[in-house]
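Let's take a walk through this structure together, one piece at a time. Keep the 3D view open as you read.

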Amino acid sequence: MTSRDTNLQQVLDLSRGIIAHSGVSAAVAAGARVFGRLEHPGTEVAVAAERLPACQPAIGAALSGLAACPSPLPDLASAFAAVEAKLRWTHRRNSGTLGARFRDGHGNAMLIGPGGIEERSDVWVGATVMAPDITYPDHDHPPEEVYIALSPGEWWNAAMDWTEPGPGGIIYNPPGILHAMRSGAQPFLALWFLPID
Ligand SMILES: [Fe+2]
């Protein structure tokens, strides 16, 4: 049986359902890879929790918005809020080259994976927060990636125009594709899931 923190397990269970019912076949397949591996919990780690300037009030605002959304988003917001208190939010690598506005307006946190509260190498689960009117720069990486939007905000990739999935919506990025995301007038919060081969 799982020895995972109850709130982290709840975040995973609800995310698994959202992705499985997304109707996006590539995301459903990627989700099956991610959550299949996560049925075996990794090593729980007590990281030194730390927030960044971008976290407040953006995370609270996004989670308040989710509380008014249909099920299961209020439960996901509650579980994530409990998990978030244990996370170490960090600047993106090389964020200093992107200007003070980006550096102060963005944060990443690993839930599961290197630096996360569950250490493992076969799956990464993380979160991104951004203040209003911030664009996360174009980037790519070999693993495919599924995002769950926890707020308003837009995503782009080289095969897709800018798209707003809305809270609870998902975005799938195939392996290696160039992609980006941006906040509008409201703060941005999203979860991401990558199977690491
Ligand atoms: Fe990415």
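Start on the outside of a helix: the exposed residues Pro57 and Ser64 sit on the face of α3 turned away from its buried side. Keep in mind as you look around that this is a predicted model.

Now swing round to the other side of α3. Here the buried residues are Cys55, Ala58, Ile59, Ala62, Leu63 and Leu66. Looking down the axis of α3, you'd see these buried residues fall within an arc of 120°, so they line one face of the helix. There's a simple rule behind patterns of this kind: an α-helix has 3.6 residues a turn, so residues three or four places apart point the same way. And what lies over the buried residues of α3? The cover includes α4 (73–84), along with β2 (89–90), β3 (106–112), β5 (123–130) and β12 (188–195).

As for its length, α3 runs over residues 55–67, which makes 13 residues. From its first C-alpha to its last it reaches 18 Å, close to the 18 Å expected at 1.5 Å a residue.

Pro57 deserves a second look. This proline belongs to helix α3, and the peptide bond leading into it from Gln56 is cis, with omega near 10°. A cis bond also joins Ser71 to Pro72, again with omega near 10°. Pro72, though, is found in the loop between α3 and α4.

Further along the chain comes another backbone detail. In the loop between β5 and β6 you'll find Asp133, whose phi is near 60°, a positive value in a residue other than glycine. Asp133 has 13 other C-beta atoms within 10 Å, so it counts as partly exposed.

On to the strands. Four of them form an open sheet in the order β6-β11-β8-β9, with antiparallel pairing. β6 (135–139) and β9 (160–163) stand at the edges with a single partner strand each, so one side of each has no neighbour in the sheet. From one strand to the next, the twist averages 10°. Inside this sheet, four bridges join β8 (residues 154–157) to β11 (residues 179–182), and Trp156 has Ala180 in β11 as its bridge partner.

Last stop: β7 (residues 145–149) and β10, an antiparallel pair joined by four bridges. Val146 stands opposite Tyr172 in β10. Is β10 (residues 170–173) covered on one face or on both? Both: Ile170 and Tyr172 are buried on one side, and Ile171 and Asn173 are buried on the other.

Conventions: Residues are numbered from 1 along each chain as its sequence is written. This is a predicted model: local features need pLDDT of at least 70, side-chain atom pairs count only at pLDDT 80 or more; totals for chains, interfaces and linings use all residues. A residue is buried if 20 or more other C-beta atoms lie within 10 Å of its own, exposed if 12 or fewer, and partly exposed in between; C-beta atoms are placed from the backbone. Helices (H or I, at least four residues) and strands (E, at least two) are DSSP runs, numbered from the N terminus. Two strands pair if DSSP finds at least two bridges between them. Axes are lines fitted to C-alpha atoms, for helices over the stretch in contact, and angles run from 0 to 180 degrees between N-to-C directions. The expected span of a helix is 1.5 Å times one less than its number of residues. The arc is that of the directions from the helix axis to the C-beta atoms. Two residues are in contact if their C-beta atoms, placed from the backbone, lie within 7 Å.
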